[in-house]
Amino acid sequence: MNTQRWMSRQFFSFYMTWGIFLPYWTGWMIYTKGISVSQASLIMSIGLIARGFSTLVAFPYLSGKYSSKTLLNGMAVGTILSILCYIPANSFASLLVVTFLLHFFYPTLMPALDSAAGFLVQSKQLKHYGKSRSWGSIGFVVAGMILTFFTGALGDEVILWTLLLGISVFILLGFMRAPAILLEKPQADRTKNGGMLDLFRVEHFGLVLVIVILLQSAHASYYNYGYIFLQEIHAPKYLIGAIINIAVIAEIIFFLIADKSFHKFSVGSLLTLAAFGSTVRWILVFAFPNVIVFCIAQSLHACSFAMGHYAFMKYLIKHIPPEQIPKAQGIYSALALSWSTAAFTIFGGYLYEIEPKYAFLGMIICTIPSMMIALHYRKLEHKKEAPLMVNAG
């Protein structure tokens with residue numbers, strides 16, 4: 001079968017649902033369930049804590065017991081059951097419980113897909129990770145375009161139903177034929193091949209992890225308050241989906257060209273550029289709180305998210321052995337995409353209630369340190385390469 005096409009299809013179908021959930025879910029709870037911004041912030045932060053536990057503990061453990069395809073299908077079924085529980089949930093407590101449950105299943109699909117892609121790249125069955133991942137970003141854009149139309153015509157209530165439909169499609173595709181390597185149950189000795197702490201014995205893994213944790217944490221305010229901030233600065237509601245998707249279009253362009261245009265860039269160089277772009281992005285949103293500048297700043301998502309994620313995947317594929325990939329993905333998802341983001345969601349929510357634009361400026365508390373550490377790592381990379389070049393000469 002065409003593995004490149006299969007991986008692209010899976011990324012597309014998952015990120016189409018993520019394009020519904022990530023930008024709109026906090027706003028959906030606020031506007032359809034009648035809770036406050038601070039309550040929604042707390043709920044989503046608790047959800048991120050659950051997500052961290054799931055991806056750090058449950059996902060690596062289950063990866064050692066079940067094949068990639070079985071794990072993906074199981075988590076997808078758990079996701080749709082969790083979403084259905086939102087229908088009767090109307091109180092703060094019930095929304096909190098259901099969100100905790102959803103975050104145990106749903107976000108785990110992300111490291112599961114990236115782990116599958118990592119296996120396929122290392123086994124030479126997937127040639128271009130960036131090309132397949134770009135289809136995930138395209139799916140994200142398609143979701144936004146669909147929601148822009150339907151929310152404008154039918155209101156925010158439609159967000160729940162489109163998410164349910166998207167997950168149903170993902171489940172259907174998940175039960176279709178997959179690459180043979182992803183059907184293989186892990187060998188009994190695979191799980192014994194080093195614990196999670198062994199990853200930190202891999203050269204500079206801890207340093208790279210700190211950089212990407214800071215980089216991803218800086219998106220907390222954008223992910224949770226970008227939708228309502230656009231309404232705060234009087235963006236036309238029918239354009240909000242399109243404005244959000246500017247970031248993803250920039251992400252698509254990056255992933256499409258990354259394998260060819262950035263293959264000679266070191267991981268440290270990519271991380272430094274990502275941190276610099278992220279810093280500029282949040283300063284622009286703070287300094288010029290208007291729709292036009294927000295749109296311009298959205299293009300920097302290619303740096304703040306896409307380049308940082310690509311750099312981590314490049315490091316992982318080059319330095320991490322196959323049996324440790326799920327553990328590395330679990331740590332990345334838990335610490336960079338979940339727990340640290342949860343902390344900065346609360347921090348951003350506090351700043352947002354003081355002054356909405358402060359929530360975005362506050363994110364440079366992450367981006368500036370990440371840039372400094374990335375520059376240090378870049379120097380370490382160059383020091384290591386210098387003797388190799390001398391010996392080669």
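Biologist: In this predicted model, is D198 buried, partly exposed or exposed?
Modeller: The relative accessible area of D198 is 28%. Buried requires under 20% and exposed over 50%, so D198 is classed as partly exposed.

Biologist: Which residue forms a salt bridge with D198?
Modeller: The criterion is a side-chain nitrogen of Lys or Arg within 4 Å of a carboxyl oxygen of Asp or Glu. At D198 the closest N and O atoms of the pair are 2.0 Å apart. The partner that supplies the nitrogen is R201.

Biologist: What is the relative accessible area of R201, and is R201 buried or exposed?
Modeller: The cut-off for an exposed residue is over 50%. R201 has a relative accessible area of 66%, and it is therefore exposed.

Biologist: How many salt bridges does the model contain?
Modeller: One of them is the pair R201 and D198. Another joins the side chains of R133 and E251, with N to O at 3.5 Å. By the rule applied, the count is two.

Biologist: How many residues apart along the chain are R133 and E251?
Modeller: R133 belongs to helix α6, whereas E251 belongs to helix α10 (residues 237-261). Both R133 and E251 are buried. The salt bridge links distant parts of the chain, and the separation is 118 residues.

Biologist: How far apart are the end C-alpha atoms of helix α6?
Modeller: Helix α6 covers residues 129-154, which is 26 residues. At 1.5 Å a residue, the helix should span 38 Å. The distance in the model agrees with that expectation, at 37 Å.

Biologist: Which residue takes a positive phi just after α6?
Modeller: The phi in question is about 95°. The residue that adopts it is G155.

Biologist: What separates the C-alpha atoms of I364 and W282 in space?
Modeller: I364 lies in helix α16 (residues 364-392). Beyond neighbours within four places in sequence, I364 contacts T279, W282, I283 and P369. Although I364 and W282 are 82 residues apart along the chain, their C-alpha atoms are separated by 7.0 Å.

Biologist: Which cysteine has the sulfur closest to that of C295, and why is there no bond?
Modeller: A disulfide requires two cysteine sulfur atoms within 2.5 Å. The closest cysteine sulfur to that of C295 is 17 Å away, too far for a bond, and it belongs to C303.

Biologist: How many disulfides are counted in total?
Modeller: A disulfide is a covalent bond between the sulfur atoms of two cysteines. C295 is partly exposed at 21% relative accessible area, and C85 is partly exposed at 33%. By the distance rule, the count of disulfides is zero.

Technical notes
Residues are numbered from 1 along each chain as its sequence is written. This is a predicted model: local features need pLDDT of at least 70, side-chain atom pairs count only at pLDDT 80 or more; totals for chains, interfaces and linings use all residues. Side-chain values use heavy atoms; hydrogens and water are left out. Helices (H or I, at least four residues) and strands (E, at least two) are DSSP runs, numbered from the N terminus. The expected span of a helix is 1.5 Å times one less than its number of residues. Contact means heavy atoms within 4.5 Å. Buried means under 20% relative accessible area, exposed over 50%, partly exposed in between (1.4 Å probe, protein chains only).
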